Structure formats: structure tokens, C-alpha cells
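Me: Let's zoom in on one chain here. Please walk me through chain B and whatever lies up against it.

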Amino acid sequence: MDFLDAFLNPEIIARYLPALIRAVWVTLWISVLVVISGLALGALLAGLRAYQKRWLSWPIVLFADLMRALPPLVLMLVLFFGLPSVGIILADWFVLYLILTLVLAAFVEEIFWATMTSLPRGQWEAGAATGLSFLQVLLHVIFPQALRMNIPPLVNRSLTISKMTAYGSVIGVKEIVSVAGSAQAFSGSATPLTMAALAYLIIFYPAMLLSRYIENRFHYEH
Amino acid sequence: MTAAQPLPTLEITALEKRFGETQVLRSIDLKVQNGELVFVIGPSGSGKSTMLRCCNRLEEPTSGAIHVSGKPMLGIPRKELDRMRLQVGMVFQGFFLYPHLTALKNVTLAQRKALKRPRAEAEARALEMLDKVGLKHKADAMPSELSGGQQQRVAIARALALDPKVMLFDEPTSALDPELVGSVLKVMRDLREGGMTMIVVSHEMQFAREAADRVVFMDGGVIVEEGPPEEIFGNPKSDRLKAFLSRVSGEAA
Amino acid sequence: MDTIIDAFFNIDIMRQATPLLLKGAWVTLQLCAVVILLGLCGGLALALLASSRSALLRLPAFVFIDIFRAIPPLILLILIYAGLPFVGVRVPPFVAVCIAFLLNNSAYFAEIFRSGIKAIPRGQMEAARATGLSPSQAQAWVILPQAIRNVLPDLLSNVVEIVKLTSIASVVSLSELLYSANMARAVTYNSSPLVMAAGLYLLLLWPLVRVISRFQRGLSISH
Ligand SMILES: Nc1ncnc2c1ncn2[C@@H]1O[C@H](COP(=O)(O)OP(=O)(O)OP(=O)(O)O)[C@@H](O)[C@H]1O
Ligand SMILES: [Mg+2]
């Protein structure tokens, strides 16, 4: 059949499967790195902002605004094409990693901050009244609560941004889309593109179900 | 002046507090001796909570001095303040247990992080305190699984476990259903018998009559009258106290 | 310092690129209008299906939503634009973008609407039915208006995400803002047009991002 031949040609699947599997690994490890460092950086920024020092909060808010308002693809292109002209050359995968980490951190910071400011004042005061330092209250009382209350949005945001690793194709990172794109060009078949879509489905469909499960669980716990 | 007056456990001197333009406390002086239970009454907005909160600097006093066993609470570095706060236990109207931690962990957290007690010691101490408030069997319960009265008793255990010199209670039973009030008052009574120094802001006048050494009446940010409970309730002097008491007993009746 | 200004904030080059970028911005705006509208309609329809009592309607809706939330819109777009010609269907870039966005945005909007509907207490439906409204009337006049009001902040966040997402249309040579800016960069060998595009995105989205943060503001922190 025409359609199957174009989109799911077995011969082409067999030919490009190994390359695609390698690309899946690239996508996966960049995603994992982004999620870990994005969460950590976002939490750190929210923590710093809690000190409510103007010279600290101001740049943090500005950073979070910019990273949430600018398309990541634009940021990536600015860095990728702009930096070499001032003598800084970054690896393509590092540009991808850096931008996605910063974007995720901005969202995580906002999510944490919203919770930190909406927790009852008494939570901060109970900690302080028992002699915990501000940092200890933050680490042992506030953050664990902020984390628990926000697992669904944190998971969703992490997944959304992990999928943005696909943007790496635009600057030549050898991840799923870029490998599938060149395979399509070489083979003259749409099959590698279908394979790419299926690869994402295999990775992210279970993740979607998981996030749905988490959402329900945390919904009923209240 | 007595020759050898003992050092007060808590001493408030010329305490003032302003929120912007509004003067909430004006020149409060109060000495609480070791083992004493001072009961504070007064109309809403008279500054009772603010006074308690100034004592461990949850509110920053505008001027005046606070001393705990002779050591200053004000004008000390942040680190020192955290250490001083350990000596002043605080119980809130809204309990404020940490919802993500079990009852036991609520009681061990500050012991371990602020007092740096080893885990085993902190847990032993926590269990002892939970036992004292009658909740040893609830050590592994989450706050959401406890009744209001139980939560408040865990909150008391959380403060007690740090071996404070003085305990401050800000309307500890006001958020509780009537049938749960008794359990918390019983714990407070036990504490008093054990010799704990306490300042209690509350509307439980019956408790004041039975348990207080001294009753302090505040109105408009000043201490209007103070004395033993029999005096304050039986023979009020100022008109403001008389009016307050008749209003309160009117509500109770 | 000078090299940085020259590489990223070159006024002359920005001035040259302005007409092209404004044209691109206009295309972006048109694209946004179309895909947001499509996404809202598709999302609402899906959400109603997903909230239905019949599993026969609910299940396919959920599968659709999860599939299109799992696949990155970029690969979806490429598959439609570069794949369909292999079976003899040629679609212009604008249409390809609209189809890809319809599939992706509907899924995201559906999740938002659905969570809003789910949060409305059962009693609301019962009360509406008790006053003689049919199920679909109750849905339309009682449940949905409340649900939509509750999820307004999420809808706004999603709109911001979609506007940013339209930048991927550059990959299929649709001459929207990023594509135009990247063209200008390639011609001038200078990144200033990209920075200028970023500025235009900011102009449009920064106010919205501020509004979203406002929605979430709570009490203050006590020291
Ligand atoms: N953070 C604040 N900012 C401004 N005003 C405040 C603040 N906290 C308290 N006040 C004001 O200080 C006054 C005293 O408040 P406080 O809470 O100490 O009264 P209270 O005697 O405890 O009253 P209640 O019996 O209602 O608890 C009130 O008029 C209150 O409005
Ligand atoms: Mg009060």
C-alpha cells in the first residue's frame, strides 16, 4: 500500500533503527540533565528570592520573566550564531542544554515562589520560633511542602521542556528529529519521520500516563 | 525593693511597638518569675498577641528591651537570636504543625537542626514529650490525621522538647471545638504543676481562676491592671476592666 | 564591549532589517490568531468528550490528548509538511502549521478545560438539572462558565506558550518573525536581527507573563 510504503517501510526502518536508537539516547540524556539542573537552579533561585533583598530579587524576577517570555528557539539561535562572533564557541548540545535548563529554572522558580508566598505565615513563624535559622526553615519546612504541593506542575513542565530537545535539530544536535531529518533526506522516504514520532511516543506516552496518575493521586490526597 | 530579688525568667521593659502610624504597644513592663503562670486578658486588638510575638521577635519591637534569664533578646546577631529563640517556646492559635512531617518528626526537627541533638536522643526526647501530652501512640501520624486538639498538643510537645525557659501561649484553644479544649488545658495544667514558666493569652477565664498566679489586663496597648486572679476577677478596680469583664461574662452566659 | 554591541545590538543592521521583521511579526500575529482559535475550539470539544460519562467517548479523547501531548510539535509539523508529499498531498507551510498546532494545542487546551470541569462540585450539575436544564444546557450555562473562569490563568499561560511555539514555523520556511530574523542574520552575518526579534516577542509577551505572575501572588514571607 502507498501509505504504509511511505510512512512505515520495513526496509527503511531496519536501515535507520540503529542510528535512531543512538539519537534516542542523546535526547534522553540531555533531557535528564536539563530536568535535574533546571529543578535545582529553579529551587535555588526561589530560595535566594526568599531573602527578599532587592538586589537579589530584582535580577531573579527579570531572569524568570525573560526566560518565560522568549521563545527558547530564539534564545538558542541568538547564542548559537551570536556567541562565536564574540569569540565564544559552545558545543551545539551545550547550547541546547543551557537554554532549556535556564527556561525550566525560570518556570520552577515561579512555581516554587508562588507556593512559598501562599503557605500560611505560621509555617515560617513556627520554624523561627523553634530556633531554626531562616535557611533551615527554608530547607526543612518550606521547600518540602512546596515540592509536594507542586509535583504535578513540576512534572508537566519538565516533560514539556524535555520535548523541546527536539529544537536541537535546528542547531545540529544529533538528537531524534535531526537524525530522522537527515535519514529522510537520504532515503527519500517519510518513514524515518514516522519513526521519530513513534520514538517520542514510546518515551513520552508512558510519561503522560504517569503524570495523569500523579495528578489524580495528589488531587485526592487533599 | 527586696534585697535579693531573683532574676526574672522573662523581663519586658518599656516595650513599644508601632505598625507604621499605629501605636500598638506603649511602654509595656512585665516581669515573669521562674515557675510563674501569667495570664493575659484584654479586648480584641489590645496588643496581646503583639506583645507575645515581640518576646521571641516574630515581631520586631520599636523600642524597649526583652531579657530571658537576664540575657537580651534585642540587639543581638541573627545567629544568637536563633539560639535565644530556643529558650522561648511558642504555641500558636493555628497550631502550624508541619503538614509534611509526622508528629514525631515535627517534634524532632528543631531538636536536630537547631540544637544539633543526635537523632536517637532527639527521638527519645520527642517520645517523652509526646507521652507527656498524651499522644505517644500518635507519633507516626501525619498532622492531617489528628484532631485539632491533638495537633495543638503535638505543637506543645514540639516547643517543650527544646527545653525552653518560658512558654508563650497565644490563644491555644481558640481554634478548637469546645469538646477538645479540655485536653489542651489539661496539658497546660500539668505543665504548670511541673514548674514551667508560662505566659498565656486566652479567653478561658475558668482556667485563669484555677491556674494563674497573676492576671494581666491589657487595653489599648498598655497594661491597665494586674494582680492575682481573685483580685482581678473578684475586685476589679479600673472601669475598663469592669466593662471588659461584664462583657465577657455576658457572652459566656 | 564594542564587539558585543556590534554582534548583538548593531543599530544599522537592525534598521535595515526592520521592514522584514515587521512583516514577519505580522505573519506571527496572524498565525497566533488562527492557531489559538483553532486550539481553543478543538480543546473545548475534546474536553467535553473527555468529561463525558460514556467511556466510549472518553477513552478515545484521552488517548488523543495523551498522544499529542507526547509528540513534540516540531516533529509533528515536519511529518505533516515533509511527509505528506510522499503520498501525493502537498500542503503549504501555513496550513501544515495550522494542522500541527491544531493537534498539539487542542490536547493542551483540553487538559486545561478538563481540569476546570473536574473541579466544579457535582452539586452544581445536580442543582442545574433540578431546575429543569438538560445535561447539555447545564454543561453550557452552568458548568463551563465556572470552569473557564477558574482556569483563566492556565489558559493565559497556554496562550503564551503557543505564541512562543509559533517560532517553530520557521523550520518549514513560513516567513514569520523568527524565520525573517534568521534570514536577515544569514544575509548580514550578524545576530542583531535575532536580538531584535527577541525584543518583539518580549514586547508582546512580557505583559502577559507579568499578568500570569500576578495571578499567583500570595502573602508575604516572614523572617
Ligand atoms: N502586621 C501588622 N500590621 C499592622 N497592624 C497590625 C499588625 N499586626 C497587628 N496589628 C494591629 O495591632 C493591634 C493589636 O493586634 P494584636 O493581634 O496584638 O491584638 P490582640 O490583643 O492579640 O487581639 P485578638 O484578641 O483579636 O487576638 C490591632 O489593632 C492590629 O490591627
Ligand atoms: Mg491575638
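Reply: Start with the neighbour: chain B and chain A bury about 1700 Å² between them, with 61% of that on carbon and sulfur atoms (buried area being the accessible area, with a 1.4 Å probe, that two parts lose on being put together, summed over both). On the chain B side, B:F96, B:Y98 and B:H100 lose the most area to chain A, together 32% of what that side buries.

A quick word on the ground rules. This is a predicted model, so local features need pLDDT of at least 70 and side-chain atom pairs count only at pLDDT 80 or more, while totals for chains, interfaces and linings use all residues; side-chain values use heavy atoms, leaving out hydrogens and water. Residues are numbered from 1 along each chain as its sequence is written, and chains are lettered from A and ligands numbered from 1 in the order in which they are written.

Back to the interface. Counting contact as heavy atoms within 4.5 Å, 22 residues of chain B meet 20 residues of chain A. There is 1 salt bridge between the two chains (a side-chain nitrogen of Lys or Arg within 4 Å of a carboxyl oxygen of Asp or Glu). That salt bridge pairs B:R53 with A:E125, whose closest N and O atoms are 2.7 Å apart. You also get 5 residue pairs in polar contact across this interface, both partners at pLDDT 80 or more (N or O atoms within 3.5 Å; within protein, one must be able to donate a hydrogen and the other to accept it, and residues adjacent in sequence count only if both atoms are side-chain atoms). The elements of chain B that give two or more residues to the side touching chain A are α2 (78-85), β6 (88-91) and α3 (103-113); helices (H or I, at least four residues) and strands (E, at least two) are DSSP runs, numbered from the N terminus. By class, that side of chain B has 13 nonpolar, 2 polar and 7 charged residues, where Ala, Val, Leu, Ile, Met, Phe, Trp, Tyr, Cys and Pro count as nonpolar, Asp, Glu, Lys and Arg as charged, and the others, Gly among them, as polar.

Next, ligand 1. The residues around it are B:F19, B:V24, B:P43, B:S44, B:G45, B:S46, B:G47, B:K48, B:S49, B:T50 and B:E171, each with a heavy atom within 4 Å of the ligand. Oxygen atoms of ligand 1 have polar partners here: a backbone N or O atom of B:S46 lies 3.2 Å from one, a polar side-chain atom of B:S49 lies 2.7 Å from one, and a polar side-chain atom of B:E171 lies 3.3 Å from one.

B:F19 from that list also falls in strand β1 (residues 10-19) of chain B, which pairs antiparallel with β2 (residues 22-32) over 7 bridges; two strands pair if DSSP finds at least two bridges between them. β1(B) and β2(B) make a hairpin with 2 residues between them, and B:G20 in the turn has a positive phi of about 60°. β1(B) is also joined to β4 (residues 63-68) of chain B by 5 bridges, again antiparallel. For a handy marker, look at B:L10: it stands opposite B:V32 in β2(B) and opposite B:V68 in β4(B).
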